[in-house]
Amino acid sequence: MGVSMVALGHEMLGLGEFYTGNYWKGHLFVDGEKTVFQQLGTGRGSLLGLLSKQTLEAGKAATERGTEGNLAGDGFQLGGVWVFAADGTCTYSYLSKSFGDHPTVAKVLEEAKKAAAA
């Protein structure tokens, strides 16, 4: 498809496990000051949000896949998905509204194909 995928984390904690667990094979950058997160408009989850049906279901699915979790670090930072064309134009933006909220893989691939064709 001719696109690159990049992940942005907000702390060094867990970075080694992220790579050794094969959760991500592309480039991973860390924004410890959360400057990029702020510029992209990401929010923060809440303690109440941890108990929502969606979060509990996502946690159960992750556990069933063998993903181990922990309570270390800033677990309240929400993220999102952005697709950029080669010229730097953002062609797709999805801000997570709660824990475990993300677009489908099919949607991200669809948007990446559009960006690659632009």
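**Close-up 1. Pairing of strands β3 and β4 in the predicted model.** Gly-80 of the first view stands opposite Leu-95, a residue of β4. The strands β3 and β4 run antiparallel and are joined by 5 bridges. Together they form a hairpin in which 5 residues lie between the two strands, and within this turn Gly-88 has a positive phi of about 95°.

**Close-up 2. The buried side of helix α4.** Helix α4 comprises the 13 residues 105-117, for which a rise of 1.5 Å a residue predicts a span of 18 Å, and this agrees with the 18 Å that separate its end C-alpha atoms. The buried residues of α4 are Glu-111, Ala-112 and Ala-115. Because these residues cover an arc of only 105° around the axis, they lie on the same side of α4. Among the elements that cover them are β3 (80-84) and β4 (90-95), the two strands of the hairpin. On the face of α4 turned away from this buried side are the exposed residues Ala-106, Lys-113 and Ala-117.

**Close-up 3. A salt-bridge network along helix α4.** The side chains of Lys-107 and Glu-110 meet in a salt bridge, with an N to O distance of 3.8 Å, and both residues lie in α4, 3 residues apart, about one turn of the helix. Lys-107 counts as partly exposed because its relative accessibility is 28%, and Glu-110, with a relative accessible area of 38%, is likewise described as partly exposed. Glu-111 forms a salt bridge with Lys-114, their closest N and O atoms being 3.3 Å apart. With a relative accessibility of 6%, Glu-111 falls under the 20% limit and therefore counts as buried, whereas Lys-114, at 47%, counts as partly exposed. Salt bridges that share partners join Lys-107, Glu-110, Glu-111 and Lys-114 into one network.

**Close-up 4. A salt bridge within helix α3.** The side chains of Glu-64 and Lys-60 meet in a salt bridge, the N to O distance being 3.6 Å. Both residues belong to helix α3 (residues 53-64), where they are 4 residues apart, about one turn of the helix. An α-helix has 3.6 residues a turn, so residues three or four places apart point the same way. Glu-64 and Lys-60 are both exposed. The count of salt bridges in the model comes to 8.

Definitions and conventions. Residues numbered from 1 in each chain as written. Predicted model: local features only at pLDDT ≥ 70, side-chain atom pairs only at ≥ 80, totals over all residues. Heavy atoms only, no water. Expected span 1.5 Å × (residues − 1). Buried < 20%, exposed > 50% of the residue type's maximum accessible area, 1.4 Å probe, protein only. Arc of directions from axis to C-beta. Contact = heavy atoms within 4.5 Å. Pairing = 2+ DSSP bridges. Salt bridge = Lys/Arg side-chain N within 4 Å of Asp/Glu carboxyl O.
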